[in-house]
Amino acid sequence: MTDELNAPLGLNAAPEPRAAPRRRGRAVVFAAALLGGACLAAFAPAMRDPQAGRPVAVARIETVEPPAPASAPAEHAATESDKRADEIADIEKRSGVKITRIGGAEAPGALVIRLDEQHTALALAPDKRVMEKGRHGPLPKIGADGEKPMEVYARPAAISARLPAGAPRVALVVGGVGLNAQLTASAIDELPGAVTLALAPYGADPESVAAKARDRGHEILLQAPMEPYDYPRENPGPHTLLTTRGAGLDDLRWLMSRFSGYIGVVNYLGAQFTADETALTPTLTDIAGRGLLFLDDGTSPRSLVASLAPRLALTAARADVAIDAGASGEAVEKALTQIEAVARRNGQAIIVAGALPRTMARLARFARELERKGIALVPLSALAARVEDKEARAGKWK
């Protein structure tokens, strides 16, 4: 019995027995050969025809000159193709953008390169020159040669050549980034790179969020939770800066160590804290001593940041308009109209808003429409420096 499951089909089969040759078969073959020879002899005369009666087709081959091409000669086409490739290579060289095409494909006939301002390169972070080790992690500091994080990590303020000299400037700061994954992605990817993002110190991986934001060209702020008047009923979160802690800076340094690459600090809530000189002074002193700027979000009329900043050599600014988290669509439109008026009147303006679903798309459209209205969108660092230089030293504040 054979193994039909394991043996491959057609292999290991028993050979079939050969039938013994028969003499009668040999006789038949011999007779057929004699008969064939006789037939060949009978038809020999007919084979004098070299084609032996087979049908023959005769084809006439003529040489015809090809018609003149309707388009340019091949040599000319090749020259034009080479010329276009040289022009595109020159564009790539002058723009600093190298186009790599899959499979080595040639450049297309029409090539449009869009250099989105959103992708302005920022300095790498963390920069060891402006970083030191702290109890809770790395902390910003002023470098040995005077380098300041607010300068090292800032985004350059590039003003479009289409705007007139001295055009009004607006800085848009969007806070609450890092708390909601979808809203964070929208803020980073949909807002122009000149928009400054304020990152919350909470979340699974704030360092990664900071890196993504800066990779898209956004300069960033640390959004520090500060004590509101109705604390603890309204609690901003862990390590909130409290007036009851006095001059203690441990909470501030925990917040500062959450991620790197920020140019400064902006308060989150904090009406009680920013009105308390005993608690606020050491906080602002530490911020100034680390080469950071401070942005007052403008929500509290009792804030003492304006009066303390000049004495502490702190680079600071105050928002002109803040869009409340619960603002209606009508209120948002009113705030955006107001900020344009402030910018035209004062030459510059700062607006603060939260990364909220109902305002994100409107903020993105507002930011992109500013240039058409003759207003430059700039990062916060560009205006904070101007406030310190021209207004804070003179004791002025908006």
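User: Quick one to start: which residues does L304 touch, leaving out those up to four places away in sequence?
Analyst: This is a predicted model, so treat everything here as computed. In it, L304 touches T274, A275, D276, E277 and L280, with residues up to four places away in sequence left out.

User: How far apart are the C-alpha atoms of L304 and A275?
Analyst: They're separated by 5.6 Å, and the two residues sit 29 residues apart along the chain.

User: And where does L304 lie?
Analyst: In the loop between β7 (293-296) and α8.

User: Is L304 buried or exposed there?
Analyst: Neither label fits: its relative accessibility is 24%, so L304 counts as partly exposed.

User: OK, zooming out. How many helices and strands in the protein chain?
Analyst: The chain has 11 helices and 11 strands. It runs to 398 residues, and 39% of those are buried.

User: What share of the contacts join residues at least 24 apart?
Analyst: 71%, counting contacts between residues at least 6 apart in sequence.

User: Let's do helix packing. At what angle do α4 and α10 pack?
Analyst: About 5°, and their axes are 11 Å apart. α4 covers residues 181-190 and α10 covers residues 357-369. Angles under 35 degrees count as roughly parallel, so that's the label for α4 and α10.

User: Which residues meet there?
Analyst: From α4 you have L183, S186, A187 and E190, and from α10 P357, M360, A364 and R368. By class, this contact of α4 with α10 has 5 nonpolar, 1 polar and 2 charged residues.

User: Switching to charges: what's the story with R214 and salt bridges?
Analyst: R214 is buried yet has no salt bridge. The nearest side chain of opposite charge is E207, and that one is 8.1 Å away. A salt bridge needs a side-chain nitrogen of Lys or Arg within 4 Å of a carboxyl oxygen of Asp or Glu.

User: Which helix is R214 in?
Analyst: R214 is in α5, residues 206-215.

User: So what does R214 touch?
Analyst: Setting aside residues up to four places away in sequence, R214 touches L122, A123, L124, A125, Y153, I220 and G261.

User: A125 rings a bell. What kind of peptide bond joins A125 and P126?
Analyst: A cis one, with omega at about 0°. P126 is in the loop between α2 (74-95) and β1 (131-133). And A125 is one of the residues R214 touches.

User: What about the bond from Y231 to P232?
Analyst: That peptide bond is cis, with omega near 5°. P232 is found in the loop between β5 (220-226) and α6 (250-256).

User: Last topic, backbone oddities. What is the phi of L269?
Analyst: It's positive, about 60°, although L269 is not a glycine. L269 lies in strand β6, residues 262-269. With 24% relative accessibility, L269 counts as partly exposed.

User: And what's phi near for A313?
Analyst: Near 55°, a positive value in a residue other than glycine. A313 is in the loop between α8 (305-311) and β8 (316-318).

User: Buried or exposed, that A313?
Analyst: Exposed, because its relative accessibility is 61% and the cut-off for exposed is over 50%.

Notes
Residues numbered from 1 in each chain as written. Predicted model: local features only at pLDDT ≥ 70, side-chain atom pairs only at ≥ 80, totals over all residues. Heavy atoms only, no water. Axes fitted to C-alpha atoms, helices over the stretch in contact; angles between N-to-C directions. Helix = DSSP H or I, 4+ residues; strand = E, 2+ residues; numbered from the N terminus. Parallel < 35°, antiparallel > 145°, perpendicular 65-115°, else oblique. Contact = heavy atoms within 4.5 Å. Nonpolar A, V, L, I, M, F, W, Y, C, P; charged D, E, K, R; others polar. Buried < 20%, exposed > 50% of the residue type's maximum accessible area, 1.4 Å probe, protein only. Lys, Arg positive; Asp, Glu negative; His and termini not counted.
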